[in-house]
Amino acid sequence: MDWAKGAVEPPRIWVLMLAVLLRACQAYPIPDSSPLLQFGGQVRQRHLYTDDAQDTEAHLAIKADGTVVGTASRSPESLLELKALKPGVIQILGVKTSRFLCQRPDGTLYGSLHFDAEACSFRELLLEDGYNIYRSEVHGLPLRLLPRDFSSGDPAPWVPARFLPLPGLPLAPPEPPGMLGPEPPDVGSSDPLSMVGPLLGQSPSYAS
């Protein structure tokens, strides 16, 4: 009955090979494949726009001296790097100034050259309309630009502000007036690319 054993063995081998192939082809999730998955050091560059309690539209900007202001338009100082520290918690870094966005216990914002987990970690809440709300992970205070008429003696507002993350680098400045592009080559000339340059001593034979 050896021929019967030989007829049974091949299906076993195929089953084992199929099991090995299925295990090798098992799908694993790609880290940070979705912008909603805030894991593993995911980094985004954004401009945080807000229109809450502002006279005009404002983009959060971190200046070189560490002050945090609102600018009417996007600028290099308003380009921020949002990096995930753990699920739902991020740090915010000014790309131009290399300063971390931090918050004091009274709610005021400042830019620091050194990262402090207690002062510079924010919880990020995604809203249905595309806006986000940020709160200090430690103090629970909302991230909010102070009104223009805010006095240093007044308490900071506790109402959370909505920020709209705008992707991309700031728009390139327009070219100054008076600068024209290069002229097209003169195809009828013996030197269409102007490589020889003007002749200093032109022969009278070629004068018109």
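A nonpolar core is a set of buried Ala, Val, Leu, Ile, Met, Phe, Trp, Tyr and Cys residues joined through side-chain atoms within 4.5 Å. With that in hand, let's work through this predicted model.

**Exercise 1.** Find the residues with the most contacts inside the largest nonpolar core, and say which strands supply at least two residues of this core.

*Solution.* Start with the core itself: 17 residues belong to it, and Leu-60, Ile-92, Leu-101, Tyr-134 and Leu-143 have the most contacts inside. Next, turn to the strands: S2 (58-62), S4 (80-86) and S5 (89-94) each give at least two residues to this core. Of these contributions, the largest share is that of S2, with three residues. As background, nonpolar side chains tend to be buried together in soluble globular proteins.

**Exercise 2.** List what Ile-92 touches, leaving aside neighbours within four places in sequence.

*Solution.* The partners of Ile-92 include Leu-48, Leu-80, Leu-82, Phe-122 and Leu-143. Also in contact with Ile-92 are Glu-81, Arg-99, Phe-100 and Leu-101. Now look at Phe-100 again: this residue is part of a second, separate core of five residues, along with Leu-93, Ala-119 and Cys-120 among others.

**Exercise 3.** Is Thr-71 buried or exposed?

*Solution.* First locate Thr-71, which sits in strand S3 (residues 68-71). Its relative accessibility is 19%, and the cut-off for buried is under 20%, so Thr-71 counts as buried. Finally, check its side chain: a polar atom there lies 2.9 Å from the backbone oxygen of Ser-73.

**Exercise 4.** Which residue lies over the face of Tyr-131?

*Solution.* Look above the ring and you will find Arg-162, at 4.1 Å from the ring centre. To finish with aromatic rings, the structure holds two aromatic pairs.

Notes:
Residues numbered from 1 in each chain as written. Predicted model: local features only at pLDDT ≥ 70, side-chain atom pairs only at ≥ 80, totals over all residues. Heavy atoms only, no water. Helix = DSSP H or I, 4+ residues; strand = E, 2+ residues; numbered from the N terminus. Buried < 20%, exposed > 50% of the residue type's maximum accessible area, 1.4 Å probe, protein only. Polar contact = N/O pair within 3.5 Å; in protein donor to acceptor, adjacent residues only side chain to side chain. Contact = heavy atoms within 4.5 Å. Phe/Tyr/Trp six-rings, centres within 6.5 Å; stacked < 30°, edge-to-face > 60°. Lys NZ or Arg CZ within 6 Å of the ring centre and 35° of its normal.
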